[in-house]
Amino acid sequence: MALLTGVPYGTITQQEELYLEGAPYIYYQDYAGPDLVDGDGFYYLLSGSATYPVFQLGCYEDVSLASDVTVNAIRCDNVGDKDVIQKLNHLELTLSISSLFPLSALRHILRAGVVTAATDTEKMGIGSISNSQYYKVYLPKVYDDDTGDLLLMQLHRAKFVDAWTIEMPSGDKWMVTGVKIWAFADDSKPAAQRFATVIRQDPSVLP
Amino acid sequence: MSEREFPRRKPVTEVVRAELPPVRKEVKRTVNVMALFPDRLIIRNAPTGTVYESPRGGTIIAVDSHDVDYILSLQRGPAGCCGSAGQGETRYFAPLEG
């Protein structure tokens with residue numbers, strides 16, 4: 001009886017007793033790399049090549065993904081807020097990374113210049129920041145290694161932004177903190193996937 | 001005017017043909033390889049002393065055949081960190097098929 005248990009009438013979708021733990025893997029690739037789309041029209045996954053390699057971030061912590069939304073209430077002073085107008089501006093992935101090498105991967109995070117690798121050396125400069133460099137960012141999280149269940153997110157048109165800090169503490173590892181990736185609207189994707197795509201694969205639960 | 005006597009030439013009875021050694025032309029053969037390093041890469045230690053340079057990943061460069069084994073054996077180390085499961089590319093160059 002609904003009145004005794006408090007259960008509402010009609011169709012009810014319950015959430016699952018399933019909790020994720022830990023950070024996903026983080027891959028990024030030049031935006032000019034190939035788009036991969038599945039049969040249902042969802043854009044995700046990366047395919048690395050010599051021209052557009054996929055970089056994998058190594059050891060990192062404090063990963064979080066957030067949205068930046070403009071929210072303006074429709075306020076009627078006589079009655080209060082009647083509604084709200086919301087606009088998604090961008091998504092923001094933040095993290096701190098302690099893997100610094102190779103410089104050819106780090107230079108994207110620091111927005112440094114092209115690396116020159118020669119005999120026994122890697123060299124790069126830190127100069128002006130390119131404002132025309134975009135990336136695809138792929139975040140797969142396998143939450144059941146036995147069955148291969150995974151949740152993945154893909155940020156379609158992203159950029160490393162904001163100021164970074166390389167912390168150099170005594171008795172502890174160096175770490176680049178303040179790493180931020182903003183995912184912008186990508187007009188080349190369907191409107192519903194303009195900022196990102198989220199895919200869950202879990203054959204034991206899903207039809 | 002006295003007649004001068006010139007020594008008589010012996011009749012030619014044998015032709016000796018000098019065989020010149022065949023000319024060996026040094027043909028410089030090259031093999032195309034593709035750079036896998038994503039940025040600018042300069043190789044100065046090749047066996048022939050040739051300096052090879054690739055401005056970016058995906059660049060195809062012609063390598064002296066004497067240097068190919070060396071170029072293709074160049075590898076980055078150590079292995080990738082944290083979950084790459086050995087799938088990361090460690091080579092600097094890859095052979096082109098065909």
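**Note on a predicted two-chain model**

1. A convenient place to begin is Phe37(B), which sits in the loop that connects β1 (30-35) with β2 (40-43) of chain B. The model is a predicted one, and the values below are to be read in that light. Although Phe37(B) belongs to a loop, its relative accessible area is 1%, and therefore it counts as buried, the cut-off being under 20%. Once neighbours within four places in sequence are set aside, Phe37(B) is in contact with Ser104(A), Val115(A), Ala117(A) and Glu122(A) in chain A, and with Arg56(B), Gly57(B), Arg76(B) and Tyr92(B) in chain B. For one of these partners, Arg56(B), the separation from Phe37(B) is 19 residues in sequence and 6.8 Å in space, taken from C-alpha to C-alpha.

2. The contacts of Phe37(B) with chain A lead on to the interface between the chains. Chain A contributes 19 residues to the contact and chain B contributes 18 residues. Together the two chains bury about 1400 Å², of which 54% is on carbon and sulfur atoms. On the side of chain A, 32% of the area buried against chain B comes from Ala50(A), Ala117(A) and Thr119(A), which is more than any other three residues supply. Ala117(A) is also among the residues that Phe37(B) touches.

3. Chain B as a whole is made up of 1 helix and 5 strands, and its elements follow the order β-β-β-β-α-β from the N terminus on. Of its 98 residues, 27% count as buried. When contacts in chain B between residues at least 6 apart in sequence are considered, 49% of them join residues at least 24 apart.

4. Three strands of chain B form an open sheet in the order β4-β1-β5, with antiparallel pairing. Because β4 and β5 of chain B are at the edges and have a single partner strand each, one side of each is left without a neighbour in the sheet. The strands that are neighbours in this sheet are turned by 45° against each other on average, if direction is ignored. The pairing of β1(B) with β4 (residues 60-64) of chain B runs over 5 bridges; within it, Thr30(B) stands opposite Asp64(B) and Asn32(B) stands opposite Ala62(B). Between β1(B) and β5 (residues 93-95) of chain B there are 3 bridges, and here Ala35(B) stands opposite Phe93(B).

5. Phe93(B) matters to the reading of the interior as well as of the sheet: in the largest nonpolar core, which has 44 residues, Phe93(B) is listed with Tyr28(A) and Val137(A) as having the most contacts inside the core. Helix α2 (residues 103-110) of chain A gives the most to this core, with 5 residues. Not counting residues up to four places away in sequence, Phe93(B) touches ten residues of its chain, including Val33(B), Leu36(B), Ile61(B), Ile71(B) and Leu74(B). Another core, of 5 residues, lies apart from the largest one, and among its members are Leu46(A), Tyr138(A), Leu150(A) and Ile199(A).

6. In chain A, attention may be given to strand β7 (residues 135-144), in which 8 of the 10 residues are buried, so that the strand is largely enclosed by the rest of the structure. Strand β1 (residues 27-30) of chain A pairs with β7(A) in the antiparallel sense over 4 bridges, one of the partnerships being that of Asp30(A) with Tyr135(A). Strand β8 (residues 149-161) of chain A also pairs with β7(A) in the antiparallel sense, over 8 bridges, and there Val137(A) has Leu155(A) as its bridge partner. The hairpin of β7(A) and β8(A) has 4 residues between the strands, and Gly148(A) takes a positive phi near 75° in it.

7. A last residue that deserves a look is Lys189(A), placed in the loop between β10 (175-183) and β11 (196-201) of chain A. Lys189(A) has a relative accessible area of 5% and is therefore classed as buried, since that class takes in values under 20%. Its side chain makes polar contacts with the side chain of Asp186(A), at 2.9 Å, and with that of Ser188(A), at 3.1 Å. Leaving out residues up to four places away in sequence, Lys189(A) touches Tyr31(A), Asp35(A), Tyr43(A) and His156(A).

Terms used: Residues are numbered from 1 along each chain as its sequence is written. Chains are lettered from A and ligands numbered from 1 in the order in which they are written. This is a predicted model: local features need pLDDT of at least 70, side-chain atom pairs count only at pLDDT 80 or more; totals for chains, interfaces and linings use all residues. Side-chain values use heavy atoms; hydrogens and water are left out. A nonpolar core is a set of buried Ala, Val, Leu, Ile, Met, Phe, Trp, Tyr and Cys residues joined through side-chain atoms within 4.5 Å. Buried means under 20% relative accessible area, exposed over 50%, partly exposed in between (1.4 Å probe, protein chains only). Helices (H or I, at least four residues) and strands (E, at least two) are DSSP runs, numbered from the N terminus. Contact means heavy atoms within 4.5 Å. Two strands pair if DSSP finds at least two bridges between them. Axes are lines fitted to C-alpha atoms, for helices over the stretch in contact, and angles run from 0 to 180 degrees between N-to-C directions. A polar contact is a pair of N or O atoms within 3.5 Å; within protein, one must be able to donate a hydrogen and the other to accept it, and residues adjacent in sequence count only if both atoms are side-chain atoms. Buried area is the accessible area (1.4 Å probe) that two parts lose on being put together, summed over both.
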